[in-house]
Amino acid sequence: MMQLLKQLVILGLVITLSLGAVACGRSAEPEGAAKPGVSQEGDKIKIKGDQGEIVIDPEGAELPDEWPSDLPSFPKAKVTNTIVGAGAANMLMAVFETGKSVAQVKDFYAEQLPENGWEVTYQAEVGSGSVIITAKKDARVASVSAAKDPEGGKTIISINLAAQ
């Protein structure tokens, strides 16, 4: 499971840095940019830089203060990682784990997103036992993906939120 979490965090970091570079029309590491700060407290790791912050906490992280109240979290799911993009990479990402099935996660978001004012624009089952749902509201786009962790048997949920 740690390998899957590491892959998700690396993917999120690449997305955050790429979004910042594209939006600014420059490379991801401009000359004179501050180097990211890394801190570790037990298993909890924080990486903070010009483009935002990544928190990895297998024991349970918290949703960032910026997380919108109209974007539902799966009930009783444990937050394991978060990414908060800054500046041009203004995006949020949270990774959760739950003992519920991928089908239960899909059903929850297919119902709760519209109830919270989101328009579901895409929904698909990918491969065997994975799902992706995208939705839009105002100038924001949310993407929810869920897949079974083959090592631990938990369902991993990743939610990404960005401005259009």
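Which residue forms a salt bridge with Lys-106, and how far apart are the closest N and O atoms? In this predicted model, the partner of Lys-106 is Glu-125, and the closest N and O atoms of the salt bridge are 3.4 Å apart. Glu-125 belongs to strand 6 and Lys-106 to helix 2, so the pair ties together parts 19 residues apart in sequence. Glu-125 has a relative accessible area of 62% and is exposed, whereas Lys-106 is listed among the buried residues of helix 2.

**Helix 2**

Helix 2 runs over residues 102-115 and has 14 residues. From its first C-alpha to its last, helix 2 reaches 20 Å, close to the 20 Å expected at 1.5 Å a residue. Its buried residues are Val-102, Val-105, Lys-106, Phe-108, Tyr-109, Gln-112 and Leu-113. Seen down the helix axis, these buried residues fall within an arc of 165°, so they line one face of helix 2. An α-helix has 3.6 residues a turn, so residues three or four places apart point the same way. The buried residues of helix 2 pack against five strands, given as strand 5 (91-98), strand 6, strand 7 (130-137), strand 8 (140-148) and strand 9 (155-163). Just after the helix, Gly-117 takes a positive phi of about 90°.

**Salt bridges**

The structure holds five salt bridges. Three of them, including the pair already described, are set out below.

| Pair | N to O distance |
|---|---|
| Lys-137 and Asp-70 | 2.7 Å |
| Glu-125 and Lys-106 | 3.4 Å |
| Asp-138 and Arg-140 | 3.9 Å |

Lys-137 lies in strand 7, and Asp-70 in the loop between strand 3 (52-56) and strand 4 (78-85), so their salt bridge ties together parts 67 residues apart in sequence. Both Lys-137 and Asp-70 are buried. Asp-138, by contrast, is exposed, with a relative accessible area of 66%. A network of salt bridges links Asp-70, Lys-137, Asp-138 and Arg-140.

**Strands 8 and 9**

Lys-148 lies in strand 8 and counts as partly exposed, at 41% relative accessibility. Beyond its neighbours within four places in sequence, Lys-148 is in contact with Gly-99, Lys-100, Ser-101, Val-102, Gly-129, Gly-153, Lys-154 and Thr-155. One of these contacts, Val-102, is also a buried residue of helix 2. Lys-100 is 48 residues from Lys-148 along the chain, and their C-alpha atoms are separated by 9.6 Å.

Ser-158 is found in strand 9. Is Ser-158 buried or exposed? Its relative accessible area is 6%, so Ser-158 counts as buried. Leaving aside neighbours within four places in sequence, Ser-158 is in contact with Met-93, Ala-94, Val-95, Ser-143, Val-144 and Ser-145. The ranges of strand 5 (91-98) and strand 8 (140-148) take in these contacts of Ser-158.

**A nonpolar patch**

Which residues make the nonpolar surface patch of about 250 Å²? The patch is made by Tyr-122, Val-126 and Ile-132. Val-126 is in strand 6, which covers residues 119-126, and counts as partly exposed at 39% relative accessibility. Strand 6 therefore carries Val-126 of the patch as well as Glu-125, the salt-bridge partner of Lys-106 in helix 2.

Terms used. Residues are numbered from 1 along each chain as its sequence is written. This is a predicted model: local features need pLDDT of at least 70, side-chain atom pairs count only at pLDDT 80 or more; totals for chains, interfaces and linings use all residues. Side-chain values use heavy atoms; hydrogens and water are left out. Patches are made of residues with over 30% relative accessible area and no salt bridge: like charges are joined within 9 Å, nonpolar side chains (Val, Leu, Ile, Met, Phe, Trp, Tyr) within 5 Å. Accessible areas come from the Shrake-Rupley method with a 1.4 Å probe; for residues, only the protein chains shown count as cover. A salt bridge is a side-chain nitrogen of Lys or Arg within 4 Å of a carboxyl oxygen of Asp or Glu. Helices (H or I, at least four residues) and strands (E, at least two) are DSSP runs, numbered from the N terminus. Buried means under 20% relative accessible area, exposed over 50%, partly exposed in between (1.4 Å probe, protein chains only). The expected span of a helix is 1.5 Å times one less than its number of residues. The arc is that of the directions from the helix axis to the C-beta atoms. Contact means heavy atoms within 4.5 Å.
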